[in-house]
Protein chains: 2
Amino acid sequence: MMKIAVDAMGGDHAPANEVQGAIQAANELGVGVVLVGAERQLHDELRKHGWRGRAIEVVDATEVITMSEPVAQAVRRKRNSSVHVAAKVVADGRAAGLVSAGNTGAVMGVAMIKLGSLASVDRPALATVLPTVTGKGALMLDVGANAECKPEHLMQFAVMGAIYAREVIGIPNPRVGLLSIGEEEVKGNDLTKEAHKLLKAAPVRFTGNVEGRQIFSGDVDVIVCDGFTGNVALKTLEGTIRSLLVALRSELESTTRGKLGGLLIRPAASSLRARLDPETTGGGYLLGLRGIVVIAHGSSSRVAISNAIALAGRGIEHDIVSRLQQTLPERVVESSRSTNPSGTTRG
Amino acid sequence: MMKIAVDAMGGDHAPANEVQGAIQAANELGVGVVLVGAERQLHDELRKHGWRGRAIEVVDATEVITMSEPVAQAVRRKRNSSVHVAAKVVADGRAAGLVSAGNTGAVMGVAMIKLGSLASVDRPALATVLPTVTGKGALMLDVGANAECKPEHLMQFAVMGAIYAREVIGIPNPRVGLLSIGEEEVKGNDLTKEAHKLLKAAPVRFTGNVEGRQIFSGDVDVIVCDGFTGNVALKTLEGTIRSLLVALRSELESTTRGKLGGLLIRPAASSLRARLDPETTGGGYLLGLRGIVVIAHGSSSRVAISNAIALAGRGIEHDIVSRLQQTLPERVVESSRSTNPSGTTRG
């Protein structure tokens, strides 16, 4: 049975949602889960929900990295944190992948230490499939692992994203766009202007800059950006979808005609909502590591945690790590290594 | 009669939409418009739409700055561009404000030269009111004038935004948020972490970091960010609203029940659309200049141009420039001048 390690203490509603998500995943997906965190608390939660199966095991971790602590320090000092121990479980081969709804920077830092990155990658990137009106979705990276990026990082993200889109999503020749503030090459900040040049020479089908309005319209298959910009765009997109559906509902409820219309459109609205709900993706992969790591929203519900575990499972089935390793061109390695020899600075 | 200078050659559909927008503004708002651009072309357009009034005058400009040319060079060399001449019309007092749907960076650069910035401001910021589900809107700045910002620029944006929200929008004690990738102070990139510290000491009601999902929910009255991030967030928000309404329509049209429901919800959906449509705001002010400058979308329609002219008119009526000048605290001036003596670098 495939086993996934879950950092059970990381999320905003930990460990309750993590435990319930693990139970749901074990029951519905038939995967094994290694819950890592305060042992007693986890057993209590499991009991509370009547769990008696064997697919979930508990591994103790005595510390927790919170959302509000400085990342570098926490990664260095809290060696017994749930994310450290969970990453070690994966590094030791006792689980095939890791899921955390915790502090993204901490998960990234710990994963870099315990699992390491692929030879061709300086900085792993958080990649997530965003909903698009076309229904196909767009892979966006980085959406939050690297708040500061260099141009060659964006080029590496593009190469990883294109490989992922081709090998895992099944898009033969994925279009790659660079998120910027104008379609013209000269528009952007220092980072995107430099990255634009590198991308034109990169081994991907680079179609130029895309603007924020093109994320949801599905104009490209892969969108590349630094982790700060990507995170802002992702949350703006998700927040707008949610708020707009709420606004539409309250607008409809203000008139009788609207109420009737609202009843009639309910199936269509629900279908749209389900298709666009970020919970259904469950989170994103940290691409570029020597292991499967899925980061879920801090506010993940039970369902979102279960979906994140499913996402990790798909990553393992698709053997993403080997595919990236085999397909990443040496050329990218060299050009980036030469301009960024250390490759380990953290934003 | 109040007169507004319009850069008639700047937008994607120039000068057709600029001319029609000017006619609409002259007819409906009773303002005078100085159309600046290729004289003959403008007279042809005016004739084409049967304009015979006296409220629109034409001033010739022989050059055009396009969206795709490097800004610094264009600002320096194209002294006879429509935006240069239009800014001069304002500087000479022949119009009380400037509207352009052209290259934002070029308008900013030219306005800095021809009009100058307020004593307390290093970098003017493009400020626009975004739709929120609360209906009150949120002022966001910078949404595209400064692709690269320093922490003290963000602090100045906060002070200007708060004054604007109080004096013009009428919010007594506006809440100011810093756009970042986590609500916790330690989350963000180097710029926001440093700006967070400055904002805590700034003379505004700083309520901390906000995430992308909080823009549309109306949690704060003023949102501060660098121009790259703000532009991405703005366009993501606008694009998502548009795409989502299109997606809902096509979802509804796929079933008979949906079609009927769609008919019934039409008034509610239209009202929502009108409230959220970026065209209704028409653009944003470049706050911090010694003059009223409104930047409209490059793709502005006739209606959007007319609304941008109306926005410039409101800025003049509210005397935004004097209010900012009188209310900007000296303290901000000094702290920022000391850390950024030149104050004129452009991203």
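Trainee: Which helix of chain A is A:Leu191 found in?

Mentor: A:Leu191 sits in helix 7 of chain A, which covers residues 190-201. Keep in mind that this is a predicted model.

Trainee: Is A:Leu191 buried or exposed? And why?

Mentor: A:Leu191 counts as buried because it has 22 C-beta neighbours inside 10 Å, and the cut-off for buried is 20 or more.

Trainee: What does A:Leu191 touch, leaving out residues up to four places away in sequence?

Mentor: A:Leu191 touches A:Cys149, A:Pro151 and A:Asp226.

Trainee: And how far is A:Leu191 from A:Val110?

Mentor: In sequence they are 81 residues apart. In space, going C-alpha to C-alpha, A:Leu191 and A:Val110 are 26 Å apart.

Trainee: OK, new topic. What rotation puts chain A on chain B?

Mentor: A turn of 180° with 0.0 Å of shift along the axis superposes chain A on chain B, with an RMSD of 0.0 Å. That is the relation of a two-fold axis.

Trainee: Which C-alpha of chain A is nearest the axis?

Mentor: That would be the C-alpha of A:Gly261, at 2.1 Å from the axis. Also, both copies use the same surface, as 100% of the contact residues of chain A recur in chain B.

Trainee: How many residues does the contact take from each chain?

Mentor: It takes 55 residues from chain A and 55 residues from chain B. Helix 8 and helix 9 of chain A each supply at least two residues of the side that touches chain B.

Trainee: Which helix of chain A gives the most to that side?

Mentor: Helix 8 of chain A does, with 20 residues. Taken by class, the side of chain A that touches chain B has 25 nonpolar, 20 polar and 10 charged residues.

Trainee: At what angle do helix 8 and helix 9 of chain A cross?

Mentor: Their axes cross at roughly 170° and come within 10 Å. Helix 8 is residues 227-252 and helix 9 is residues 256-276. The two helices of chain A are therefore roughly antiparallel to each other, since angles over 145 degrees count that way.

Trainee: Which residues make the contact there?

Mentor: From helix 8 of chain A you have A:Ile241, A:Leu245, A:Arg249, A:Glu251 and A:Leu252. Helix 9 of chain A brings residues including A:Gly258, A:Gly261, A:Ala269 and A:Leu276. By class, this contact of helix 8 with helix 9 has 5 nonpolar, 3 polar and 4 charged residues.

Trainee: What about helix 8 and helix 9 of chain B, how do their axes cross?

Mentor: In chain B the axes of helix 8 and helix 9 cross at roughly 170° and come within 10 Å. That makes helix 8 of chain B roughly antiparallel to helix 9 of chain B.

Trainee: Switching again: how many residues of helix 10 of chain A are buried?

Mentor: Helix 10 of chain A is mostly covered, with 12 of its 16 residues buried. Among them are A:Ile305, A:Asn307, A:Leu311 and A:Gly315. This helix spans residues 302-317 and reaches 23 Å from its first C-alpha to its last, close to the expected 22 Å. After helix 10 of chain A comes A:Asp319, which has a positive phi near 55°.

Trainee: And how many residues of helix 6 of chain B are buried?

Mentor: For helix 6 of chain B, 15 of its 19 residues are buried. Helix 6 of chain B reaches 26 Å, close to the 27 Å expected. Just after helix 6 of chain B, B:Gly170 has a positive phi of about 90°.

Notes: Residues numbered from 1 in each chain as written. Chains lettered and ligands numbered in written order. Predicted model: local features only at pLDDT ≥ 70, side-chain atom pairs only at ≥ 80, totals over all residues. Least-squares fit on C-alpha atoms with pLDDT ≥ 70 in both. Contact = placed C-beta atoms within 7 Å. Axes fitted to C-alpha atoms, helices over the stretch in contact; angles between N-to-C directions. Helix = DSSP H or I, 4+ residues; strand = E, 2+ residues; numbered from the N terminus. Parallel < 35°, antiparallel > 145°, perpendicular 65-115°, else oblique. Nonpolar A, V, L, I, M, F, W, Y, C, P; charged D, E, K, R; others polar. Expected span 1.5 Å × (residues − 1).
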